[in-house]
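This report describes a single protein chain, going from strand pairing to the core and then to the surface.

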Amino acid sequence: MATTAFAQALTRLNGSVVSRLADTVALVDSYRVNGIFDRQADEFGGMVATAPSFIVATDDVPRVAQGSTVRIPVGSAVLRYQVRELLPDGGGMTRLVLESTQ
């Protein structure tokens with residue numbers, strides 16, 4: 001189990017990462033969340049997945065669950081997704097694997 005000081009440092013680090021690298025402000029359920037939207041294929045445990053994902057600080061989405069709605073603005077459109085899978089990295093970041101609902 002992480003010490004309180006380490007947990008606080010990790011939270012600050014994740015906040016810095018998101019603030020510098022986030023390219024999207026999305027609505028996850030009804031909460032505005034900064035994150036990194038990845039529309040490309042990705043590798044999970046040796047398998048290639050083509051599902052888009054949204055990478056966020058875990059603390060920013062405490063109530064997200066499978067089936068949560070995610071709305072991501074892209075240009076003048078808003079893409080609508082549902083969370084298919086949550087993949088926390090154990091270090092304070094979570095990849096939300098998305099499935100289109102359009």
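## Strand pairing and core

V28 of strand β1 has V70 as its bridge partner in β6. The model is a predicted one. β1 and strand β6, the latter covering residues 69-74, pair in the antiparallel sense over 2 bridges.

β1 also pairs with strand β2 (residues 31-38), again in the antiparallel sense, over 5 bridges. Within that pairing, T24 is bridged to G35 of β2. The connection between β1 and β2 is a hairpin with 2 residues between the strands. In this turn, D29 has a positive phi of about 55°.

The pairings of β1 are listed below.

| Strand paired with β1 | Sense | Bridges | A bridge pair |
|---|---|---|---|
| β2 (residues 31-38) | antiparallel | 5 bridges | T24 and G35 |
| β6 (residues 69-74) | antiparallel | 2 bridges | V28 and V70 |

The two faces of β1 (residues 24-28) are covered to unlike extents: T24, A26 and V28 lie on the covered face, whereas V25 and L27 lie on the uncovered one. In a regular strand the side chains alternate between the two faces of the sheet.

The largest nonpolar core holds 15 residues, and F54, V70, I72 and L98 touch the most other members. At least two residues of this core come from each of β1, β2, β5 (53-57), β6, β7 (77-88) and β8 (93-100). β7 provides the largest share, 3 residues. Nonpolar side chains in soluble globular proteins tend to be buried together.

Which residues does L98 touch, leaving out those up to four places away in sequence? They are F37, A51, P52, S53, F54, V70, I72, Y81, Q82, V83 and R84.

## Helix and surface

Helix α1 spans residues 4-21 and includes L21. Is L21 buried or exposed? L21 counts as exposed because its relative accessibility is 54%, and the cut-off for exposed is over 50%. Together with L13 and V17, L21 makes a nonpolar surface patch of about 260 Å².

## The chain as a whole

The protein chain has 1 helix and 8 strands, in the order α-β-β-β-β-β-β-β-β along the sequence. It has 102 residues, of which 30% count as buried. Among its contacts with a separation of 6 or more, 44% are between residues 24 or more positions apart. The accessible surface of the protein chain is about 6500 Å², and carbon and sulfur atoms account for 53% of that area.

Methods
Residues are numbered from 1 along each chain as its sequence is written. This is a predicted model: local features need pLDDT of at least 70, side-chain atom pairs count only at pLDDT 80 or more; totals for chains, interfaces and linings use all residues. Side-chain values use heavy atoms; hydrogens and water are left out. Patches are made of residues with over 30% relative accessible area and no salt bridge: like charges are joined within 9 Å, nonpolar side chains (Val, Leu, Ile, Met, Phe, Trp, Tyr) within 5 Å. Accessible areas come from the Shrake-Rupley method with a 1.4 Å probe; for residues, only the protein chains shown count as cover. A salt bridge is a side-chain nitrogen of Lys or Arg within 4 Å of a carboxyl oxygen of Asp or Glu. Helices (H or I, at least four residues) and strands (E, at least two) are DSSP runs, numbered from the N terminus. Buried means under 20% relative accessible area, exposed over 50%, partly exposed in between (1.4 Å probe, protein chains only). Two strands pair if DSSP finds at least two bridges between them. A nonpolar core is a set of buried Ala, Val, Leu, Ile, Met, Phe, Trp, Tyr and Cys residues joined through side-chain atoms within 4.5 Å. Contact means heavy atoms within 4.5 Å.
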